[in-house]
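Good morning, and thank you for the time. I would like to walk you through one structure, beginning with its sheet and ending with its empty spaces.

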Amino acid sequence: MKATEANFDGLPGLTHHYAGLSFGNEASTRNQFQLSNPRLAAKQGLMKMKALADMGFVQGVIPPHQRPDMAALRQLGFSGSDARVLQDVVKKAPGLLSAVSSASAMWVANAATVAPSADTLDGRVHFTVANLNNKFHRAIEATTTSSLLGAIFRDADHFAVHDALPQVAMFGDEGAANHNRFGAGYGSAGVQLFIYGRDESHPERGPQRYPARQTRQASEAVARLNQLVPGCAIYAQQNPAAIDQGVFHNDVIAVSNQQVLFCHQQAFVDQPALYRSLAEKIPGFTPVEVPASRISIADCVQTYLFNSQLLTRPDDNMLLVLPEEARRHEGVWRWLNELTEQQGPIRELRAFDLRESMCNGGGPACLRLRVVLTPQEQAKVNPAVLMNETLFATLDQWVERHYRDRLSQQDLADPQLLDEGRVALDELTKLLDLGNVYNFQQ
């Protein structure tokens, strides 16, 4: 059946700031306490969405979460008015304020794992929301993520949104950032590759310096919830040495599209065996491997070379959407241009300035959730979230009205910032026809 891969990008929120909350993500740690520009972050994201929509790709937007998360603070024992709660948390547990104010939900590659209808037993598109339980500031996202996905993919005859796995270490799930789908065409039955960093049955085989956020047990549970056709799933372990060098998610060292896997030479445990398994199941499987002798893992982490979008153009050749940091790295950019000159599957490079997201450790691929849709399914998606000239102009003006252009850690305690966010998101829910997806608890 004919189908298209749509990209739904997360919009950075009004409290986008640099708190260094994500141990194992070296960009997040390196830029801790710098001043951020939430307005620029949102506009950079919108520009990428608009550019891809203008190129003919199906592009949607997923709105930010409401932050600070006052309900989370009240659950942790703070009480009184909003102003009193903010005042108390600054005095008694200042680190919590950064956590409940994080705009990390913009990286919707971690929102869920998606299975297209061609791969599922009931012929629906399935979403399993990620629990993200390795980090508190991300673990509080799951409930709102479920509501947002339900408001965008709300036709139960075509879509199923599953709640997150239990919030325990055994089932640590980071969503699509550790998942790839392969197939000859988007609408034909595919093969799903689940990448894990830790197997609870063999914890000694994991990384030693940084945490492995995705478990094999979680990946297997997600495959069950998404009702995958038997034999559709392959499980492989991420190279623990890569995780210990800052490759906290698989999408920092590999990305796939249709029959192509673009990855680093040191991305996986027993990489040759994984290639053989994929080749057995995927006709025309084509690995495009970056040799360690040309580009180190450290360079991959610095430039987010692999945290890119690999997209199929109308001529069936592929476009690689990269962060500007990859273009500015002489060695990385030279190798990429050599790649496109070889007349292989990847023929075009396009770099975007996403500095505000990159400084917190998220590139083009972090910002998007891939959803394969048939024409019938696409017609059932909430049309108000699909990018076009009108929506871009509307959201750009909305950002201009509501976002600050400078934010520090101290600003998070300002009750006015909380009110600004509520007013802005109340307006956004109407613009995007989302209904009541936020709980503005007083």
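Please look first at helix H2, residues 38–54, which lies across strands E1 and E2 and runs at about 155° to E2. Helix H7 also packs on the sheet, where it touches E1, E2 and E15, and its direction makes about 140° with that of E2. I should say at once that this is a predicted model.

Let me turn to the sheet itself. It is an open sheet of 3 strands in the order E2-E1-E15, and the pairing is mixed. Which strands stand at the edges? They are E2, residues 59–62, and E15; each has a single partner strand, so one side of each is left without a neighbour in the sheet. On average, and with direction ignored, neighbouring strands of this sheet are turned by 30° against each other. E1 and E2 run parallel and are joined by 4 bridges. On this pair, you can find Phe 8 standing opposite Gly 60 in E2.

Next, a pair of helices. The axes of H4, residues 82–92, and H5, residues 94–101, come within 5 Å of each other and cross at roughly 125°. That angle falls outside the ranges for parallel, antiparallel and perpendicular, and H4 and H5 are therefore oblique to each other. From H4, the contact takes Leu 86, Val 89, Val 90 and Lys 92; from H5, it takes Pro 94, Leu 96 and Leu 97. Sorted by class, this contact of H4 with H5 holds 6 nonpolar residues, no polar ones and 1 charged one.

I now come to the empty spaces. Rolling a probe the size of a water molecule over the atoms shows where such space is left.

The largest pocket has a volume of about 420 Å³. Its lining comprises 19 residues, and those closest to the centre are Asp 69, Ala 71, Ile 140, Thr 143 and Thr 144. Two helices, H3 (70–75) and H7 (142–152), each supply at least two residues of this lining. H7 is thus a helix we have met before, as it packs on the sheet. By class, the lining of the largest pocket divides into 8 nonpolar, 9 polar and 2 charged residues.

The second largest pocket has a volume of about 350 Å³. There are 16 residues in its lining, and Ala 3, Thr 4, Tyr 186, Thr 312 and Arg 313 lie nearest its centre. Strands E1 (4–10) and E12 (309–312) are the elements that give two or more residues to this lining. E1 provides the largest share, with 3 residues. The classes here are 7 nonpolar, 5 polar and 4 charged.

How many cavities of 30 Å³ or more does a search of the whole structure find? The search finds 7. The largest cavity has a volume of about 330 Å³. It is lined by 26 residues, and nearest its centre lie Glu 5, His 179, Asn 180, Arg 181 and Arg 370. Two or more residues of the lining come from each of the strands E6 (179–182), E9 (254–257) and E15 (368–373). E15, an edge strand of the sheet, gives the largest share of this lining, 5 residues. By class, the lining of the largest cavity has 13 nonpolar, 8 polar and 5 charged residues.

Thank you; I would be glad to take comments.

Key
Residues numbered from 1 in each chain as written. Predicted model: local features only at pLDDT ≥ 70, side-chain atom pairs only at ≥ 80, totals over all residues. Heavy atoms only, no water. 1 Å grid on protein atoms, 1.4 Å probe; cavity = no way out; pocket = protein on both sides within 12 Å on 5 of 7 lines; lining within 4 Å. Points joined across faces, edges and corners; volume = space filled by probe spheres on them. Nonpolar A, V, L, I, M, F, W, Y, C, P; charged D, E, K, R; others polar. Pairing = 2+ DSSP bridges. Axes fitted to C-alpha atoms, helices over the stretch in contact; angles between N-to-C directions. Contact = heavy atoms within 4.5 Å. Parallel < 35°, antiparallel > 145°, perpendicular 65-115°, else oblique.
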